[in-house]
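What can be read from the packing of helices and rings in a protein model? The paragraphs below go through a few contacts one by one.

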Amino acid sequence: SEDSGLTSTAPRGRNSTTRPPHVVELRLLGERTSEGATRQTGGATRQNGAMSAEYITISGPVDTELEISRSRFLTRLERVSDEGEARSTIARVRAEHPRARHHCSAFVLGAGGRTRRSNDDGEPSGTAGAPMLDALVSAGLSDVTAVVTRYFGGVLLGAGGLTRAYRAAVAEAVAQAGRVRRAERIPALVTVDYALAPQIEAEA
């Protein structure tokens, strides 16, 4: 995650009796709202009355394999920044395993997991993408894509078996993933009377 920083500058003049306004440059922790307004409040930000904390993502790609009733479930976790990157990851994994029967996927994006998508890719509805997404959300992760490639082993697992298998595949990958804390930060330039500068710097 990005480190917060604070710098200040004050124009210098030997003979000046009137001090110009003091400029304080701040980097406020928070997520930009649709109006672009954010207020700093302790270690979080208040947006339109709601608190938005920092969030957790993975530190790098993870690949795991799980075998259930002769079917192989290959899971790829990757950190992404937007929906375009998420879909590119899914397409890349699909290209790596052209003979596999299914490439099911789920991804979560943004602070608070505001964007969530899942896809069953031919498995019975609700038996693959949804449990994969649930595994990501339950782990508190965001900015992450999960793709599970299934090589069918000849044994039908049934709806319940598929749901458990896909969730377990993602949960295992999540358990092996390194984690980092992230937060969006907004630079702000504040001009105040020179006498107020120390107070602003102390509270920033």
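In this predicted model, a contact between two helices makes a good starting point. On the H2 side, the residues taking part are Pro131, Met132, Asp134, Ala135, Leu136 and Ser138. They meet Thr163, Tyr166, Arg167, Val170, Ala171 and Val174 of H3. Sorted by character, the residues of this contact are eight nonpolar, two polar and two charged.

Two packed helices are described by the angle between their axes and the distance between the axes. Helix H2 covers residues 129–138 and helix H3 covers residues 158–176. Their axes come within 8 Å and cross at roughly 35°. The crossing of H2 past H3 is right-handed.

One residue of H3 leads on to the next feature. Tyr166, which belongs to the helix contact, also forms an aromatic pair with Phe73. The structure holds one such aromatic pair. The ring centres of Phe73 and Tyr166 are 5.2 Å apart, and the angle between the ring planes is 90°, an edge-to-face arrangement. Phe73 lies in strand S8, residues 71–79, while Tyr166 lies in helix H3. With these positions 93 residues apart, the pair links distant parts of the chain.

Are the two partners buried or exposed? Phe73 has a relative accessibility of 0%, so Phe73 counts as buried. Tyr166 is also buried, because its relative accessible area is 0%. The cut-off for buried is under 20% relative accessible area.

Another ring, that of Phe152, has a charged neighbour: Arg101 lies over the face of Phe152, at 4.7 Å from the ring centre.

Definitions and conventions: Residues numbered from 1 in each chain as written. Predicted model: local features only at pLDDT ≥ 70, side-chain atom pairs only at ≥ 80, totals over all residues. Heavy atoms only, no water. Axes fitted to C-alpha atoms, helices over the stretch in contact; angles between N-to-C directions. Helix = DSSP H or I, 4+ residues; strand = E, 2+ residues; numbered from the N terminus. Left-handed = near helix turned anticlockwise from the far one by under 90°. Contact = heavy atoms within 4.5 Å. Nonpolar A, V, L, I, M, F, W, Y, C, P; charged D, E, K, R; others polar. Phe/Tyr/Trp six-rings, centres within 6.5 Å; stacked < 30°, edge-to-face > 60°. Buried < 20%, exposed > 50% of the residue type's maximum accessible area, 1.4 Å probe, protein only. Lys NZ or Arg CZ within 6 Å of the ring centre and 35° of its normal.
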